[in-house]
Amino acid sequence: MNEPRKLSSYVEPELTGARLDAQWSRIGERLPVSNRKPRWQFAAAAGFAFAATAAVLWLQYGPARHSAWESSVVRSDEAPVELTLAEGSRVELSPRSQVEFLHSAEGSVQLRLSEGSARFSVSERAARRFSVRSGPIEVVATDTQFRIVRSLAAEGEHVRVEVQAGSADVRRRDGEATAITLVQGEHWSTFVAYEKAAPALDEVTRMKRATSARAATTDQADVPVEDDTARATSESDAREVTPEVTPEVINGQPAARRPQRGRVVQASPAHQLFDRANIARRAGQVPEAAALYAELVQRFPRDQTAALAAFELGRIRMDTLSDLRGAVQAFDQALTLDSGRAFAEDALARLALAHDKLGDAASCKRAKERYLKRYPEGVHANVLARRCP
Amino acid sequence: MIRAVPNPKPQPAGPTDAALVVAARAGESWAQEALYRRYARMVNGLAYRLLGRDADVDDLVQDTFVEALKNLHRLEAPAAFGSWLGSIVVRTASKRLRTRSLLTRLGLRRLAPIDADSVMSSRAPPDITSELRAIYSVLDPLHHEARNALVLHRVEGMSMPEVAATMGVSLSTAKRRLAVAERALLSLSEVKEPVP
């Protein structure tokens with residue numbers, strides 16, 4: 001009874017530490033050099049993009065240290081890029097990253113990491129404010145070394161801040177007052193989901209990559225939307241760089257799945273529950289997964305994930321928890337919620353089998369007849385034909 | 001939620017998949033290896049069950065991770081790295097099986113039939129043993145698409161929507177492929193009835 005029912009549990013290769021190490025060694029040899037370890041190199045060719053321009057140029061380096069110009073945009077290709085600001089701070093851009101220099105003055109320096117990751121080594125200067133914006137957050141530092149990683153995906157963006165020396169203050173720029181101070185060795189990260197509705201055209205600022213080595217599919221999903229220009233007017237010592245633009249407008253409306261400017265939303269509770277349940281199920285934490293699926297179905301019956309959650313719950317109860325009555329209830333719910341009929345075939349077949357195992361011949365027969373009427377040549381027709389005759 | 005945690009290096013509980021993917025995209029080799037270590041057993045197991053033999057598993061695993069780590073930029077949802085990786089395993093296995101089948105038909109390669117008893121654990125109970133024997137005895141003659149659908153559904157225990165998503169096909173296509181495999185199974189006299 002305690003033995004797992006899943007067949008895969010009994011079909012496993014012999015894996016030793018040595019075998020895994022050997023696999024990784026060969027994988028590592030096949031990865032591109034820039035993927036394996038970032039090496040600080042000088043870019044082969046470079047240029048500058050200014051506030052009103054629509055192109056991003058490469059920054060060209062000579063020997064020793066050169067300052068980057070204010071209001072410029074610097075983007076790295078497959079190699080990392082290192083540059084120095086006039087006031088002495090250094091920026092080390094990882095491959096495929098982009099930083100904009102918003103403002104540089106005696107009292108303040110402001111940059112924006114719009115893509116990828118970079119390490120910022122802030123020189124010690126009294127009464128000088130050094131800040132880096134990235135997505136929804138701003139990091140303010142003095143005499144600090146910290147790294148920011150920003151990743152854009154279809155559902156939202158992920159930003160991570162690591163402090164490698166000194167301390168830095170991190171605050172959200174969406175109106176939330178919370179701010180924290182990170183010290184050496186600490187890190188902080190956040191994921192901000194995009195809103196589903198397309199924003200109004202006049203509220204959206206677009207930035208388009210001038211060059212990209214990535215596939216077109218990710219380009220379309222990952223074009224960042226900057227939310228800064230409205231705030232620039234409220235900050236007396238900041239001058240915003242107008243993002244390079246080729247507005248991405250389709251039929252007068254912005255493309256779908258873009259973040260709204262200045263608005264931050266979290267993933268829906270139903271989706272969070274669904275993700276947690278799936279993770280628990282794959283990790284073998286079956287009772288926890290069942291509880292999460294059940295909670296989702298109970299609290300959010302109208303959510304698009306509810307039908308699948310009910311079906312998965314039924315499967316778990318039937319196959320692992322030996323709760324056939326609970327499985328029947330879940331499959332019934334899945335059939336009720338599955339208006340798109342995506343799981344109906346499997347759910348009906350399992351419903352009939354569950355009734356059969358419970359010894360309820362009448363219910364088994366009813367479910368079986370429903371199935372065979374709807375799916376006379378279905379995948380499970382042969383199996384059900386032999387049940388509850 | 002904002003929280004500060006000590007030590008930017010991965011903890012035993014580990015950073016999330018999304019965090020590792022982000023770092024790996026940025027070229028952090030420790031993150032790439034962390035993703036490999038986290039999913040090596042899953043990928044090795046799936047590769048083994050799809051191929052039915054230990055030979056070629058190492059190559060399949062390496063091909064899978066190389067493709068995944070080179071193409072992380074294509075992953076729209078970093079948190080879904082695991083399931084995305086599973087799709088790559090299946091796709092890469094299909095290529096290998098297709099090549100193997102072609103070489104066999106051309107007489108350039110001879111493959112011994114899958115020995116189901118050597119594939120499965122000795123602690124498998126009798127009903128599991130008979131079911132696995134039946135499944136692995138029909139795998140080799142099957143078209144690779146039907147074969148993968150059968151392994152994913154019956155051995156991995158995936159639902160049909162999961163099978164379809166993993167194979168990158170529609171639900172109806174996945175069902176058709178599985179139906180081909182199920183018919184082959186049902187033709188065996190000692191087969192155990194499949195569970196939907």
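In which helix of chain B is E162(B) found? E162(B) sits in helix 8 of chain B, residues 160-167; helices here are DSSP runs of H or I with at least four residues, strands are runs of E with at least two, and both are numbered from the N terminus. Before going on, a word on the ground rules: this is a predicted model, in which local features need pLDDT of at least 70, side-chain atom pairs count only at pLDDT 80 or more, and totals for chains, interfaces and linings use all residues. Residues are numbered from 1 along each chain as its sequence is written, chains are lettered from A and ligands numbered from 1 in the order in which they are written, and side-chain values use heavy atoms, leaving out hydrogens and water.

Let's stay with E162(B) for a moment. Leaving aside residues up to four places away in sequence, E162(B) touches R281(A), E312(A) and R315(A), where a contact means heavy atoms within 4.5 Å. E162(B) counts as buried because its relative accessibility is 17%; buried means under 20% relative accessible area, exposed means over 50%, and partly exposed lies in between, using a 1.4 Å probe and protein chains only.

Now turn to chain A, which has eleven helices and twelve strands. Of its 389 residues, 52% are buried. Chain A exposes about 17,800 Å², with carbon and sulfur atoms supplying 51% of that area; accessible areas come from the Shrake-Rupley method with a 1.4 Å probe, and for residues only the protein chains shown count as cover. Among contacts in chain A between residues at least 6 apart in sequence, 50% join residues at least 24 apart.

A good place to look inside chain A is strand 5, residues 108-121. Strand 5 of chain A is largely enclosed by the rest of the structure, because 13 of its 14 residues are buried. Which strands pair with strand 5 of chain A in the antiparallel sense? Strand 3 (residues 90-93) does so over four bridges, and strand 4 (residues 98-104) over six; two strands pair if DSSP finds at least two bridges between them. You can pick out R90(A), whose bridge partner in strand 5 is S121(A), and F101(A), which stands opposite L111(A).

Strand 6 of chain A, by contrast, runs parallel to strand 5, joined by five bridges. Here V109(A) has F130(A) as its bridge partner, and R112(A) stands opposite R133(A). Strand 6 (residues 129-134) is mostly covered too, with five of its six residues buried. As you trace these strands, remember that in a regular strand the side chains alternate between the two faces of the sheet.
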